[in-house]
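Me: Got a minute to go through this one with me? I'd like to start with a salt bridge and work outwards.

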Protein chains: 2
Amino acid sequence: MVATANFLLEGLSGAQIERIKSVAEEISLEKGDHVVTEGEEALSAYILEAGAIELTTFVEEGFDLPIAILRNQGEVFGSAALLPPYQYSLSARCAEKSTLLRLDGTALKQIMSEDSDLGCKIMTNLARYFFERLKETRLELKIHFKTLLNSTRS
Amino acid sequence: MVATANFLLEGLSGAQIERIKSVAEEISLEKGDHVVTEGEEALSAYILEAGAIELTTFVEEGFDLPIAILRNQGEVFGSAALLPPYQYSLSARCAEKSTLLRLDGTALKQIMSEDSDLGCKIMTNLARYFFERLKETRLELKIHFKTLLNSTRS
């Protein structure tokens, strides 16, 4: 079942959610399994059904920076599958045994082009989502600068 | 004149750009003038016609972190006027005497709701834009972590 408590499907009608459900495939993964890899072609978006997903970004050999851990049903990752250049910006790994819904990017884009109201809502949701993540990331950057400033002074 | 070489209007038809032009107001500002302030209600989006705009974010008293300098005709800032919570995430100041087009947020949202194709294109452009800025900001964060790692080692 597609959870409605996710940012991507916010504002969609029941029928629109059903339509998206029709192209979703449920997959089960073990703790430690890799779901998507940063830099690779983004073929699918994912919705967390159960378990936990760790999102990371590669910094250097042996060090991946944790970005988030998703634990709530309905949380979405891999939405790069909906936007050019269709390339994952993060890696996702199961922090626990997990159940996911895989949404094929091509099928989703097809639905979005056929139902422009649905497409528009999803794009609005994505714009809001990325803007929020951008503000969070800038805040993190600021904290680093503050720490740096304070260490220079002390 | 609204420049078409800006991310917000990408993919819009000539007629759609004309419609947006009809609510644009040209303003002239001097070097040092503040255009928008971080945290304040985002009432307008802006398109750079001539001059240069510095975007910054507040870190602490006496230190604003520079985020970008816009120098190209058609560059856009203040797009927070199109997305809830309608609050500027950065401050903008004229780095030179500048000419801007001010797009009233309420008028723009009205046009977007009346012409859903136009609204959808603008939301898609915003989603792509914020995603790109997010990736850039994460990259900057990574550079800080790398510097930190290297300084710990040396």
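Reply: Sure. This is a predicted model, and a good place to begin is E18(B), which forms a salt bridge with K21(B), the closest N and O atoms being 2.9 Å apart.

Me: Where do E18(B) and K21(B) lie?

Reply: Both are in helix α1 of chain B, residues 14-21. They are three residues apart, about one turn of the helix.

Me: And is E18(B) buried or exposed?

Reply: In between: E18(B) has a relative accessible area of 44%, so it counts as partly exposed. K21(B) is partly exposed as well, at 28%.

Me: What about R93(B), which residue does its side chain meet in a salt bridge?

Reply: That would be E54(B), with 2.9 Å from N to O. R93(B) sits in strand β7 (residues 91-94) of chain B and E54(B) in strand β4 (residues 53-60) of chain B, so the bridge ties together parts that are 39 residues apart in sequence.

Me: Why does E54(B) count as buried?

Reply: Because its relative accessibility is 17%, and the cut-off for buried is under 20%. R93(B), at 29%, counts as partly exposed.

Me: Any bridge in chain A worth a look?

Reply: Try K135(A) and E132(A), whose closest N and O atoms are 3.2 Å apart. They are three residues apart in helix α3 of chain A, so about one helical turn separates them. E132(A) is partly exposed, at 33% relative accessibility.

Me: How many salt bridges over all chains?

Reply: The count comes to 20 by this rule. Across the interface of chain A and chain B, the rule finds two.

Me: Which residue does K142(B) pair with?

Reply: K142(B) forms a salt bridge with E38(A), and the closest N and O atoms are 3.1 Å apart. As for polar contacts across the interface of chain A and chain B, there are 10 residue pairs, counting those with both residues at pLDDT 80 or more.

Me: OK, and which elements of chain A supply the side that touches chain B?

Reply: β4 (53-60), β5 (63-70) and α3 (116-153) of chain A each supply at least two residues of that side. The largest share, 25 residues, comes from α3(A).

Me: How many residues does the contact take from each chain?

Reply: 39 from chain A and 38 from chain B. The area buried between the two chains is about 3800 Å², and carbon and sulfur atoms give 74% of that. On the chain A side, F131(A), R138(A) and L141(A) lose the most area to chain B, together 16% of what that side buries.

Me: Let's talk about H144(B). What is it in contact with?

Reply: Leaving aside neighbours within four places in sequence, H144(B) is in contact with L141(A), H144(A) and F145(A). H144(B) is found in helix α3 (residues 116-153) of chain B, and at 19% relative accessibility it counts as buried.

Me: Changing topic: how does chain A lay on chain B?

Reply: A turn of 180 degrees with a shift of 0.0 Å along the axis does it, with an RMSD of 0.0 Å. That is the relation of a two-fold axis. In chain A, the C-alpha nearest the axis belongs to A127(A), 1.9 Å from it.

Me: Through what surface do the copies meet?

Reply: The same one: 97% of the interface residues of chain A are also interface residues in chain B.

Me: What about the largest nonpolar core, which members touch the most others?

Reply: V35(A), I53(A), L126(A), V35(B), I53(B) and L126(B), out of 82 residues. Apart from that core lies another, of eight residues, among them L65(A), L141(A), V59(B) and L65(B).

Me: And what does L126(B) touch?

Reply: Not counting residues up to four places away in sequence, L126(B) touches A127(A), plus F7(B), L8(B), S79(B), L82(B) and L83(B).

Me: Last one: where is S44(B) found?

Reply: In strand β3 (residues 44-50) of chain B. S44(B) counts as buried, at 8% relative accessibility. Beyond four places in sequence, S44(B) touches G78(B), A81(B), Y88(B), R102(B), L103(B), D104(B) and G105(B).

Note on methods:
Residues numbered from 1 in each chain as written. Chains lettered and ligands numbered in written order. Predicted model: local features only at pLDDT ≥ 70, side-chain atom pairs only at ≥ 80, totals over all residues. Heavy atoms only, no water. Core = buried A, V, L, I, M, F, W, Y, C linked by side-chain atoms within 4.5 Å. Buried < 20%, exposed > 50% of the residue type's maximum accessible area, 1.4 Å probe, protein only. Contact = heavy atoms within 4.5 Å. Least-squares fit on C-alpha atoms with pLDDT ≥ 70 in both. Helix = DSSP H or I, 4+ residues; strand = E, 2+ residues; numbered from the N terminus. Buried area = accessible area lost by both parts, 1.4 Å probe. Salt bridge = Lys/Arg side-chain N within 4 Å of Asp/Glu carboxyl O. Polar contact = N/O pair within 3.5 Å; in protein donor to acceptor, adjacent residues only side chain to side chain.
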